[in-house]
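Grab a pencil and work through a few short exercises on the protein shown here. Try each task yourself before you read its solution.

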Amino acid sequence: MTAILKNFIGGEWVDGSAVTKNINPSNTNDVVGEYAKADKAQTEKAIAAAKAAFPAWAQSTPQARYDALNKISLEIIARKEELGRLLAREEGKTLPEGIGEVARAGQIFAFFAGEALRMIGEKGASVRPGIDVELTREPMGVVGMITPWNFPIAIPAWKIAPALCYGNTVVFKPAELVPGSAHALSEIITRSGIPAGVFNLVVGSGSVVGQTLIEHPDVAAITFTGSVQTGRKIAQACVTSSNMKKFQLEMGGKNPLVVLDDADLKTAVEVAVNGAYFSTGQRCTASSRLIVTEGIHDRFVAAVTERLKGLTVDDALKAGVHIGPVVDQSQLDQDLRYIKIGQDEGAKLAWGGELLKRETPGHYLQPALFTEANNNMRISREEVFGPVAAVIRAKNYEEALAISNDTEFGLASGICTSSLKYASHYKRNSESGMVMVNLPTAGVDYHVPFGGRKGSSYGAREQGSYAREFYTTVKTAYTYPG
Ligand SMILES: NC(=O)C1=CN([C@@H]2O[C@H](COP(=O)(O)OP(=O)(O)OC[C@H]3O[C@@H](n4cnc5c(N)ncnc54)[C@H](OP(=O)(O)O)[C@@H]3O)[C@@H](O)[C@H]2O)C=CC1
Ligand SMILES: O=C(O)CCC(=O)C(=O)O
């Protein structure tokens, strides 16, 4: 019998009121671990601990913050294989994808270790004589973090690292499907030398732990990544809370990849298959709309189908596997529902979409490619969040751009072309937060801003030095020396 892993509140590992298990989606007989669930009272304790720890951490030296964040980074990177294996077992990402994500988390902590040393203010003259004006940034206070299951280490990392870097304290609520990765990351953080209460882990459901965080008056800010539906609820709760919390939402996408006649076919196929299907398509940046112009359409569809036939869908931990399982039964049901909707709407299922049997019982789905789709279909408008993409035919670049922008979302977009003219025009006119040329829409750098427009994102950007907009508040100080 393995030990039940605990929550971390006020500098101590504590038991919970119930237990949650995470199941390996590649083998549903494999229970990865058991985790104590925090209740409302424990979440409130974590918030109180974070509040009590805030004044001292807010005054801590840049050196202390650098040392802690750097130590976290070094341990994550040193253990990337082991943690990547845990992540792949728990979430269903392939092992190389899991290791890559862990390495990225380590690099994020390293980046924000450096950022702690670069916190410099500004000083200027007043419009009035003899007065100095200083602009400084101060931390927000207690930051509540609500994270999804699809990047169980990288997303917590890109929220926790800047929060600590800029002097905030943290209450971290991971998604219930992935407590193992959250626990492993938290253990590393607790060994970094930060004082008790600065970082707290509360595993539990969105409706209890998440809800307590978004309603509590001592939580100054909420950072969230997840579904549009939950994001909207969080926005409402933050705006109506007595302290009017600052909030930041990263939600869905219906990301377009435009493929023009002049694209290099091999590049376009790799970009499309990687962006649409890798990580089992469970990325908010996944390319789920492949908008292809007439002259290359048939060759592109044939080549993508051939490439899909060559992909191995199997246990995430096996060598040579390209696509792991869908994360759980509920997400699998959603994927299958949308595949049926696509067929009922008149799109042609050109490849895949069926359940696969492997040695172990897992949620295996053959990546699905629709053709003859149009942009009004539900499969073109709603986020599926699985290995499902639809090809939409366009007459020319202008029509492809119009289709690309005709969506409620605006996270990532991409174009495959050898024309500088079209690439430049698309970069300027695509209504998304991140634009890729001859690169997959998914898979981004860790040192530059991440985020979107329209229904995809709300609030300040995440990642890179832009993260300071969310995790700090600006103070303007006037001094008259007399
Ligand atoms: N854009 C993205 O990055 C992601 C999008 N999604 C989309 O969302 C769909 C559903 O996935 P799911 O994981 O259920 O997404 P959710 O938005 O429900 O979950 C994201 C996080 O929010 C928490 N949460 C849920 N309800 C509340 C609430 N009322 N108050 C506060 N926190 C809450 C969840 O907790 P708990 O897990 O405990 O319920 C989880 O930690 C997917 O099929 C996909 O379409 C999902 C993940 C990431
Ligand atoms: O594409 C990426 O690198 C990040 C994707 C992401 O953050 C998400 O799917 O939530």
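The exercises below use a predicted model, and they go from a sheet to the domains and then to a salt bridge.

**Exercise 1. Work out the order of the strands in the three-stranded open sheet, and find which strands stand at its edges.**

Step 1: Read across the sheet. The order is β1-β5-β4, and the pairing is mixed.

Step 2: Look for strands with a single partner. Those are β1 (4-5) and β4 (18-23), so each of them has one side left without a neighbour in the sheet.

Step 3: Zoom in on one pairing. β1 and β5 (residues 31-37) run parallel and are joined by two bridges. If you start from Ile4, you'll find its bridge partner in β5 is Glu34.

Step 4: Now add a helix. Helix α6 (residues 179-190) packs on this sheet and touches β1, β4 and β5. Its direction makes about 70 degrees with that of β5.

Step 5: Add another one. Helix α3 (residues 80-91) lies across β4 and β5, and runs at about 90 degrees to β5.

**Exercise 2. Describe how domain 1 and domain 2 meet.**

Step 1: Mark the domains. Domain 1 covers 4-251 + 456-479, while domain 2 covers 256-437.

Step 2: Find how far apart they sit. Their C-alpha centres lie 31 Å apart. The contact takes 24 residues from domain 1 and 28 residues from domain 2.

Step 3: Put a size on the interface. This is often given as the accessible area lost when the parts come together. Here the two domains bury about 2,000 Å² between them, with 58% of it on carbon and sulfur atoms.

Step 4: Pick out the big contributors in domain 1. Ser26, Trp149 and Ser456 lose the most area to domain 2, together 25% of what that side buries.

Step 5: Check the polar side of things. There are zero salt bridges between the domains, but ten residue pairs are in polar contact across the interface.

Step 6: Name the elements involved. On the side of domain 1 that touches domain 2, α3 and α4 (95-117) are the elements that give two or more residues. α3 gives the most, with four residues.

**Exercise 3. Find the salt-bridge partner of Glu270 and say which parts the pair ties together.**

Step 1: Start with the total. The structure holds 27 salt bridges.

Step 2: Look around Glu270. Its partner is Arg307, and the closest N and O atoms are 2.7 Å apart.

Step 3: Place both residues. Glu270 lies in helix α9 (residues 265-277) and Arg307 in helix α10 (residues 294-309), so the pair ties together parts that are 37 residues apart in sequence.

Conventions
Residues are numbered from 1 along each chain as its sequence is written. Chains are lettered from A and ligands numbered from 1 in the order in which they are written. This is a predicted model: local features need pLDDT of at least 70, side-chain atom pairs count only at pLDDT 80 or more; totals for chains, interfaces and linings use all residues. Side-chain values use heavy atoms; hydrogens and water are left out. Two strands pair if DSSP finds at least two bridges between them. Contact means heavy atoms within 4.5 Å. Axes are lines fitted to C-alpha atoms, for helices over the stretch in contact, and angles run from 0 to 180 degrees between N-to-C directions. Domain bounds come from an automatic or database domain assignment. Buried area is the accessible area (1.4 Å probe) that two parts lose on being put together, summed over both. A salt bridge is a side-chain nitrogen of Lys or Arg within 4 Å of a carboxyl oxygen of Asp or Glu. A polar contact is a pair of N or O atoms within 3.5 Å; within protein, one must be able to donate a hydrogen and the other to accept it, and residues adjacent in sequence count only if both atoms are side-chain atoms.
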